[in-house]
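Work through the exercises below with the sequence and the coordinates open. Try each task before reading its solution.

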Amino acid sequence: MGRGRWRAVGSALWRSVAVWLVSTLTMLALAGILPDFKLQSDDGDSATRIAITAALGAGAFGLLSSLVWPLLVRALLLVPALVLGLLAFFLNGSLLLLALRLIPDGRGDANPETAVVVAAVMSAVASATGGALAVRDDDAYRRRLYRLADRRRRRRRAEGRTGPVPPGTVFIQLDGVGHDVLRAAAQQGLMPTVAGWLGQEGEPSHRLTPWRTDWSSQTGASQLGILHGSNHDVPAFRWYEKDTGEVMVSNRPASAAELQRRAIEQTGDGGLLTFDGASRGNLFSGGAEQIALVLSMAARRGKENRSRAGYFAYFSDPANAVRTALSFVAEVGREIGESTRARIRKQRPRIGRGGLYPFIRAFATVVERDVVVTAVIGDMLAGRSAVYADLVAYDEVAHHSGPSGSDVDKVLQRLDRSLALIAKVAEHAPRAYRIVVLSDHGQSPGETFRARYGLTLGDLVKAGCGLPVPRKARRTHSGAEARSAVRAALRRPVEEGAGQHRPAREAEPIVLASGNLGLVSFPDVRRRMTREEIDLRHPALLPTLANHPGIGFLLVRSQERGPVVLGARGSEVYLDEEPVDPGPLADFGPGAADAVRRTDGFPHVADIMVNSWYDPEYGEVLAFEEQIGSHGGLGGAQAQPFLLSPLVLSAPVGEGHELVGAERVHGVLRRWLGEYQGPEVPVVGGDTPALAATDPAVEDRTH
């Protein structure tokens with residue numbers, strides 16, 4: 001054994017002894033504070049004997065935590081992962097009780113409730129002590145990184161790849177954070193890491209670039225396009241497919257797996273992460289071999305489903321489990337307090353935030369964040385070439401609290417701390433890393449359609465069809481991304497209430513909502529109905545929808561003149577006829593007509609596509625779901641996400657050009673992976689990535 005290895009063993013032994021001594025002192029302190037926790041016999045013991053008992057108990061608890069806890073967690077992967085986090089306290093308490101039973105002469109004793117408290121405190125103290133010693137022991141930390149780098153080099157040589165190791169790339173998706181929100185947060189000091197990258201107090205290291213989504217401004221369409229290069233035939237977050245009679249939902253595991261299969265079939269390659277990539281917390285895998293918490297893989301059974309392994313990697317450390325469980329409980333309390341204050345102040349707009357929502361929010365802002373960030377750090381220390389991770393905290397909170405305000409400001413601050421941690425790890429990783437931060441969409445504020453008008457879009461459609469309308473409007477199901485992650489963690493992959501979209505009679509329309517985008521389909525007609533057929537069956541339907549003040553425009557298809565956009569007071573825009581008069585699309589900005597025209601060409605576009613009203617002055621829309629921060633259609637900040645990229649990478653687009661569509665973003669990311677002789681991503685038509693070969697907006701770059 002070499003001198004370096006002896007130093008590493010000695011350093012590890014020293015840290016273990018130090019943690020054991022601190023744990024012993026912690027146990028002694030708790031024995032003096034808690035009346036139901038004792039470390040002596042009933043007749044009393046000397047201070048020396050009590051100290052020995054504490055040392056034995058701390059040692060036994062440490063050994064059990066190191067040896068037994070990982071086995072317990074692996075076994076408990078058979079139960080819901082979210083439940084595993086909540087069981088952390090009780091499992092730790094059980095290990096402590098077992099450790100006390102191992103002390104000779106029965107001198108250690110505690111009731112179960114006290115054991116839970118003592119175990120939680122000892123785990124937290126041991127974790128903090130070990131972490132502090134590891135940070136201070138720079139030599140040991142560097143030696144660990146050197147070993148990882150050597151292991152990486154040996155693997156490269158075994159695969160026949162020699163030469164210098166090119167930089168890796170980490171893509172962090174801040175779900176739902178719009179371009180203007182990120183820029184404002186940096187300027188206001190909420191995100192100092194981002195502000196530093198943008199050079200607010202020095203030289204910039206990154207550039208901030210806005211991009212524009214497709215009509216369907218939601219994670220399913222955007223992330224599928226970004227990771228797999230195609231979001232063809234994804235008209236919304238949820239839609240009805242007449243050929244199969246099924247409702248596709250982007251955050252349902254079976255639907256996500258099918259969408260990924262279609263995208264791979266469409267493009268002919270596995271995705272952005274096929275070469276030495278890792279996918280963490282995403283809807284889709286991107287072709288990565290290393291996956292954790294990936295929804296499209298959650299529907300698989302057996303060994304092929306490695307998605308939940310991320311929970312084991314994180315919760316196998318009992319300190320992680322305790323820390324996350326404590327933060328989870330604190331976040332639940334924070335949400336209850338914030339929602340109570342909102343009710344007392346009678347804030348408007350406001351939606352219900354009771355029921356399970358506080359737990360869903362805590363899962364998104366604590367559990368999902370901790371597990372995903374830890375997985376990314378592990379990928380960087382392992383030297384993976386490309387990592388793509390999604391953090392959904394802001395998106396979930398903004399749906400219920402709005403895209404701006406104190407609630408989301410706190411979330412943005414915590415996301416910035418996660419970015420700072422990842423950047424710090426990059427400084428010590430066994431290879432250089434380029435950190436790219438991006439979003440899949442933004443969010444637009446506004447009250448719900450139901451709150452403003454007292455009826456849902458489904459009620460309005462029924463009225464236009466001459467069908468009976470319920471007296472009291474029912475709430476429309478909200479499908480935020482975090483809910484899908486919770487269902488997967490709870491092993492409930494099928495969306496709750498999935499059958500509610502089916503009509504009582506086949507002739508009745510199916511009405512679905514995706515933010516401020518609505519879809520109306522007639523299931524008894526096995527193809528897309530034309531405008532003429534709809535008018536013949538329900539003469540009042542299209543005028544009722546188009547003239548309603550909460551509706552911005554409709555898309556239908558004329559048998560004679562192709563796609564047509566309908567607006568109030570008889571306004572019509574025929575998209576296949578030149579020149580195209582913007583008409584009701586004028587307020588929705590440049591590119592609206594192109595986005596609507598593209599969606600019209602999808603095989604599974606609805607018979608009637610409905611986009612809500614939009615106020616360009618205040619940027620507000622009317623969500624057809626129960627959300628006061630929404631996305632899914634056209635109108636405002638929801639269609640304006642961002643790319644935050646290092647200056648060492650080529651510019652996303654040339655000067656004077658706009659980056660439009662998730663598929664184009666995929667091309668940019670592929671190009672970046674190929675720069676500096678990076679990962680071998682699939683190409684189209686030769687050695688140059690597809691976007692660089694076809695996009696005139698891409699600048700030439702010399703290295």
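**Exercise 1: a helix pair**

Task: which residues of α14 and α15 meet?

Solution. Ala 393, Tyr 394, Val 397, Ala 398 and Ser 401 in α14 meet Asp 407, Val 408, Val 411, Leu 412 and Leu 415 in α15. Contact means heavy atoms within 4.5 Å. Helices (H or I, at least four residues) and strands (E, at least two) are DSSP runs, numbered from the N terminus. By class, this contact has 8 nonpolar, 1 polar and 1 charged residues. Here Ala, Val, Leu, Ile, Met, Phe, Trp, Tyr, Cys and Pro count as nonpolar, Asp, Glu, Lys and Arg as charged, and the others, Gly among them, as polar.

The model is predicted: local features need pLDDT of at least 70, side-chain atom pairs count only at pLDDT 80 or more, and totals for chains, interfaces and linings use all residues. Residues are numbered from 1 along each chain as its sequence is written, and side-chain values use heavy atoms, with hydrogens and water left out.

Next, the geometry. α14 (residues 393-401) and α15 (residues 406-428) pack at about 175 degrees, with axes 9 Å apart. Axes are lines fitted to C-alpha atoms, for helices over the stretch in contact, and angles run from 0 to 180 degrees between N-to-C directions. That makes α14 roughly antiparallel to α15 (angles over 145 degrees count as such).

**Exercise 2: the sheet of 6 strands**

Task: give the strand order of the open sheet of 6 strands, then place the helices on it.

Solution. The order is β12-β13-β17-β14-β15-β16, with antiparallel pairing. Two strands pair if DSSP finds at least two bridges between them. β12 (510-514) and β16 (572-574) are at the edges with a single partner strand each, so one side of each has no neighbour in the sheet. The twist averages 20 degrees from one strand to the next.

Take one pair. β15 (residues 562-566) is joined to β16 by 3 bridges. Val 564 has Tyr 574 in β16 as its bridge partner.

Now add the helices. α17 (residues 457-464) packs on the sheet and touches β12, β13 (517-521), β14 (551-558) and β17 (608-612). The direction of α17 makes about 150 degrees with that of β12. α21 (residues 592-600) touches β14, β15 and β17, at about 45 degrees to β14.

**Exercise 3: the enclosure of α17**

Task: how many residues of α17 are buried, and what covers them?

Solution. Buried means under 20% relative accessible area, with a 1.4 Å probe and protein chains only (exposed is over 50%, partly exposed in between). In α17, 6 of the 8 residues are buried, so the helix is largely enclosed by the rest of the structure. They are Leu 457, Gly 458, Asp 459, Leu 460, Val 461 and Gly 464. The cover includes α16 (449-453), β12, β13, α20 (541-546), β14 and β17. Gly 466 follows α17, with a positive phi near 75 degrees.

**Exercise 4: Ser 222**

Task: is Ser 222 buried or exposed, and which residues does it contact?

Solution. Ser 222 is in α8 (residues 219-228). Its relative accessible area is 1%, so Ser 222 is buried. Beyond neighbours within four places in sequence, Ser 222 contacts Trp 211, Thr 213, Asp 440 and Ala 662. A polar atom of the Ser 222 side chain lies 2.8 Å from the backbone oxygen of Asp 440.

Finally, the setting. α8 lies across β3, β4, β9 (386-391) and β10 (433-438), at about 175 degrees to β9. Trp 211 has Leu 659 in β22 as its bridge partner.

Technical notes: A polar contact is a pair of N or O atoms within 3.5 Å; within protein, one must be able to donate a hydrogen and the other to accept it, and residues adjacent in sequence count only if both atoms are side-chain atoms. Angles under 35 degrees count as roughly parallel, over 145 as roughly antiparallel, 65 to 115 as roughly perpendicular and the rest as oblique.
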